[in-house]
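Here is a short report on one protein model. It covers confidence, one helix pair and one arginine.

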Amino acid sequence: MTGAGVAARGRSAAGTCGTGGGGAGSGARGGGPEDRELLGRVFLARVFEPGDEAGGRWVRERGAPEVVRRLREGGRALPGVSEKRWAGLCARAGRADPGRDLAVARSAGARFVVPGTAEWPGQLDDLGDARPLGLWVRGGPSLRMWALRSVAVVGARACTEYGAHMAATLAAGLAERGWVVVSGGAYGIDGAAHRGALGAGGATAAVLACGVDRPYPPGHTALITRIAEQGLVVGELPPGDHPTPSRFILRNRVIAALTRGTVVVEAAHRSGSLVTARAARRLGRHVMGVPGPATSALSAGVHEMLRGDAVLVGDAAEVVELVGAMGELPPERRGPVLPTDLLESRTRQVLAGLPGRGTATAGEVALRAQTTQDDAVARLYELRALGYVERHGDGWKLTRQAMISVRGGRSPC
């Protein structure tokens, strides 16, 4: 399936939490249990930081509406947090306004997708209590459908030309094979991956560490807007929220969980991309790395991964071999076929017995080829008919054609 085909399939299966009739906006006006759960999760997304396991446990055990009630009342702390932290959560709860957040999201063309609905990607449940309370999504396709066939391509922000080229080429190849390319919308490798997928007419999704209504970094506003028009822009944080270093790190677990595997293209030892790779490994996803020069500090983190249990990949076909279905194998890799490769092995031995310069007698050739003189003579005449050798009196020598072919097959080392 092509990238365009994936997009069309996704649009036809859009979830019920969209901005239209059955979406998050209409949920704000209802009073049923599902609407209260939705509003509660929108409320709590403003209170809890991404990946808050204590909050996730409360929601799992008590339900979002009950957790909201306890926070609004500001009474005794729920188990697992200090009184000081509970006071901070209650203070944030006092400023939460789910109706306003839903209205802002609706005006930005975003919807709020929550667990248990048709558009929720089930693989995010692997995060346990660190699972997002919900995801804000801009774009027409179904997040769940796209996540089923997606690969993360991440790496250094301050990448080299080589890294940008490899990321764009990988992403384009994946998109052409019908895979959705997921990245973080950042400068460097992320941007190159998104552009590579878009340039191939394929599908891409950006997972942001801020509100989906405020593109970050600002220099990628046009790119993220284009992704929202042609693909998906996803984020945990409510509309208007800004990114912080910790939110970037926590965002990476969503990228890892959402996709079938993570490819790292250029990453230094302290790169945030390695956080994504480690999260993918913990979740049982495929972890892949694109090697770079041994002297490049930007590839040092990738090389360290490859010394562990990550898999080296060089193109999209090798990525698909890992993350795809059984039988999606890359083409066999082999070097060029030389004319001498077509010779019978003993004839090649006789050819190798001729000196690079000057002539040799049939007896000398037989000695070097470890055969009889009669066999050597017969094979020398065969080689002469093929244009590899010529006779000079009692001696034999290589022709220019043979010199080129033999040299082409020898290692320069």
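## Confidence

This is a predicted model. Its mean pLDDT is 88. Of the residues, 87% reach 70 or more.

Two stretches call for separate mention. Over residues 1–30, pLDDT stays under 50. The model nevertheless has 64 contacts beyond four places in sequence for residues 1–30. Over residues 409–413, pLDDT also stays under 50. Here the model has 1 contact beyond four places in sequence.

## Helix 4 against helix 5

Helix 4 spans residues 53–62, and helix 5 spans residues 64–73. The two pack at an angle of about 120°. Their axes lie 7 Å apart. Helix 4 is therefore oblique to helix 5, because the angle falls outside the parallel, antiparallel and perpendicular ranges, the last of which ends at 115 degrees.

Helix 4 contributes Trp58, Val59 and Arg62 to the contact. Helix 5 contributes Ala64, Glu66, Val67 and Arg70. By class, the contact residues are 4 nonpolar, no polar and 3 charged.

## Arg46

Arg46 sits in helix 3, residues 33–47. Is Arg46 buried or exposed? Its relative accessibility is 18%, so Arg46 counts as buried; the cut-off is under 20%.

Which side chains does the Arg46 side chain join through polar contacts? One is Asp101, at 2.6 Å. Another is Asp241, at 2.9 Å. Both aspartates also appear in the contact list of Arg46, which leaves aside neighbours within four places in sequence. That list further holds Arg92, Ala96, Pro238 and Pro239.

Technical notes
Residues numbered from 1 in each chain as written. Predicted model: local features only at pLDDT ≥ 70, side-chain atom pairs only at ≥ 80, totals over all residues. Heavy atoms only, no water. Axes fitted to C-alpha atoms, helices over the stretch in contact; angles between N-to-C directions. Helix = DSSP H or I, 4+ residues; strand = E, 2+ residues; numbered from the N terminus. Parallel < 35°, antiparallel > 145°, perpendicular 65-115°, else oblique. Contact = heavy atoms within 4.5 Å. Nonpolar A, V, L, I, M, F, W, Y, C, P; charged D, E, K, R; others polar. Buried < 20%, exposed > 50% of the residue type's maximum accessible area, 1.4 Å probe, protein only. Polar contact = N/O pair within 3.5 Å; in protein donor to acceptor, adjacent residues only side chain to side chain. pLDDT = per-residue confidence, 0-100.
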